Amino acid sequence: GLGLTHKKNENFGEWYTEAVVSGEMIEYYDISGCYILRPWTMTIWEIMHDFFDAEIKKMKIKNCYFPVFVSPGALEKEKDHIEGFAPEVAWVTKSGNTELEVPIAIRPTSETVMYPYYQKWIRGHRDLPLKLNQWCNVVRWEFSNPTPFIRSREFLWQEGHTAFATKEEADEEVLQILELYRRIYEEFLAIPVVKGKKSEREKFAGGLYTTSVEAFIPNTGRGVQGATSHCLGQNFAKMFDIRFENEIGERGMVWQNSWAYSTRTRHKHMLTLVTSNPNASRLDQGDAEIIGVMVMVHGDNKGLVLPPKVASIQVIVVPVPYKDADTQAIFDACSETVRMLTEAGLRAEEDLRDNYSPGWKYSHWEMKGVPLRIEIGPKEMANKQVRLVRRDNSSKMDIPTSNLVEQVKDVLDKIQKNLFDVATQKRDASVKVAETWEEFTLALNEKKLILAPWCDEMEVEEDVKKRTKGEMGAAKSLCTPFDQPELPTGQLCFASGKPARKWTYWGRSY
Ligand SMILES: O=C1CCCN[C@@H]1CCCn1cnc2cc(F)c(F)cc2c1=O
Ligand SMILES: [Mg+2]
């Protein structure tokens, strides 16, 4: 029979893998760390793309496409920017049987590809702001050990790279993009996120500051960096000599941002995350979990649960033929229902396959996470009604065919809102305030998302990592929320006992 064999709250890692494979989102590939994005996932990616692309076009950001190949000279332009990342750069060393004179790198991100041309294109202040984005794939040949925990080695993302004459313009855009990321998570994926600033240790080392939207997975008690928007300051302008002549003839360096969200997904979810690379978290910038987070937050033991806004099929219509009933009339009613819903702009399909029973079809489409099912059988035909079954809470309702479209739209909106409300309630229930080390370690072991007063000293963050090292992985700061609670005078840092400067979210992460 259909349905998942693993339970979400018994073996999360196996449940996740089974949900994405049985839900026909992902197919694992014969090269480890690589996977196939099937149409069921690609539709979600396209819907988010269409929203984000339209929004950045309103901001006069232009799409471009730079080569996937990077010369060694370009990649190693600045030793310290690249040195921590070198082990994960993939190289082309030969074509056919011929060794290449010079090996060529595959882009892991595109700063070193694009910025030499920013240097060439930006001369005067009239060339600013230069605001480009590209939708592409990137490759990072990460080795994580032990092998069971694998990060995807190739993933799709968008990477925005903008240059401004002033810091104010850069600061403003960082937050505009971050708001778009929040909307993608909250309005499309129905996932609550926290907007905040990364610590000095967790930020993109090549930048000035990093902002992010942070999601949380209550089942595993792990935070996930959903997307990042960095202000690079003038660091890359210095590296690549990107200067401009301002109105009064002075030559100043540009202020830059870069921002990304991606399809990056983890495989073989292990409850224990052990990496040999002590500063592993330091290297991970711009990687988002966007596909994985949606599955992890909303999925259940029957499989995927797709928010209507991003569902490839929002309504599946299933005929329920009965021995002496007029089967053709039932099939026609299903097709007519799909036609009406499609005409109203909904993504609806009928499953008229005669080699599967209605029951089989119910669990098949539930496993794929279709938000709403419509059943039409002899009773429905007689009463001029249809039966609606919601995927999020399994509730059933009979509605008249007279105002079917309006009712279906209304139920889909209710499902979208309910998914967000339930996820928010679960995330909020996972938040725990900790003012002392004891409270912190207790909350950590309860798989909580911890809000703690912190002195904001990097060594203290290093110390927290050391003191919480263990089978389940160490704790780290997730972000300092822009929405800061009151900090009472005299409040002490949970880890150092020094005067606290801010409230920061902490937890284990992927
Ligand atoms: O996170 C973003 C947004 C989109 C553009 N890039 C930034 C920072 C990426 C940080 N990062 C992240 N990973 C990397 C991996 C590499 F192999 C490598 F050579 C460089 C990097 C690297 O710079
Ligand atoms: Mg990385």
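1. K384 sits in the loop that runs between helix α12 (378–383) and strand β20 (385–390), and in this predicted model K384 has a positive phi of about 50° although it is not a glycine. With a relative accessibility of 62%, K384 counts as exposed.

2. A190 also deserves a look, since its phi is positive, about 60°, although A190 is not a glycine. A190 belongs to the loop between α6 (167–188) and β10 (194–197), and, with a relative accessible area of 0%, A190 is buried. A further point about the backbone concerns the peptide bond from L128 to P129, which is cis, with omega near -5°; P129 is found in the loop between α5 and β7.

3. Which residues have the most contacts inside the largest nonpolar core? They are M25, F52 and Y261, in a core of 57 residues, to which helix α2 (residues 39–58) gives the most, with 8 residues. When neighbours within four places in sequence are left aside, the residues in contact with M25 include V20, I36, L37, W40 and I44, and also I291, M294, V295 and L304. A second core, separate from this one, has 26 residues, and F66, Y118, F204 and F236 are among them.

4. The aromatic rings can be read alongside the cores, and a search of the whole structure finds 27 aromatic pairs. One of them is formed by W45 and W135, which meet edge-to-face, with 6.1 Å from centre to centre and 80° between the planes. This pair links distant parts of the chain, as W45 is in helix α2 and W135 is in strand β7 (residues 130–139), 90 residues apart. Are W45 and W135 buried or exposed? Both are buried.

5. Y115 and F240 form an aromatic pair that is likewise described as edge-to-face, at 5.8 Å centre to centre and with 85° between the planes. Here too distant parts of the chain are linked, with Y115 in helix α5 (residues 111–121) and F240 in helix α7 (residues 235–240), 125 residues apart; Y115 is buried, and so is F240. Y115 and F240 belong to one aromatic cluster that is completed by F66, Y117, Y118, W121, F204 and F236, and F66, Y118, F204 and F236 are also members of the second nonpolar core.

6. Two charged residues lie over aromatic faces and are worth finding in the structure. K368 is over the face of W40, 3.8 Å from the ring centre, and R467 is over the face of W437, 3.7 Å from the ring centre.

7. T162 offers a good example of a buried polar residue to trace by eye: T162 is placed in strand β9 (residues 154–164) and, at 0% relative accessibility, counts as buried. Its side chain is joined to that of E173 by a polar contact of 2.8 Å. Not counting residues up to four places away in sequence, T162 touches E173 together with L130, K131, L132, W255, Q256, N257 and W259.

8. Why is C231 not bonded to C479? The sulfur of C479 is the closest cysteine sulfur to that of C231, yet the two are 17 Å apart, which is too far for a bond. C479 is in no disulfide either, as the nearest cysteine sulfur, that of C493, is 16 Å away. C231 is buried, with a relative accessible area of 0%, and C479 is buried as well, at 1%. The count for the structure comes to 0 disulfides.

Conventions: Residues are numbered from 1 along each chain as its sequence is written. Chains are lettered from A and ligands numbered from 1 in the order in which they are written. This is a predicted model: local features need pLDDT of at least 70, side-chain atom pairs count only at pLDDT 80 or more; totals for chains, interfaces and linings use all residues. Side-chain values use heavy atoms; hydrogens and water are left out. A disulfide is a pair of cysteine sulfur atoms within 2.5 Å. Buried means under 20% relative accessible area, exposed over 50%, partly exposed in between (1.4 Å probe, protein chains only). Helices (H or I, at least four residues) and strands (E, at least two) are DSSP runs, numbered from the N terminus. A polar contact is a pair of N or O atoms within 3.5 Å; within protein, one must be able to donate a hydrogen and the other to accept it, and residues adjacent in sequence count only if both atoms are side-chain atoms. Contact means heavy atoms within 4.5 Å. A nonpolar core is a set of buried Ala, Val, Leu, Ile, Met, Phe, Trp, Tyr and Cys residues joined through side-chain atoms within 4.5 Å. Rings of Phe, Tyr and Trp (its six-membered ring) pair if their centres lie within 6.5 Å; planes under 30 degrees apart count as stacked, over 60 as edge-to-face and the rest as tilted. A charge sits over a ring if NZ of Lys or CZ of Arg is within 6 Å of the ring centre and within 35 degrees of the ring normal.
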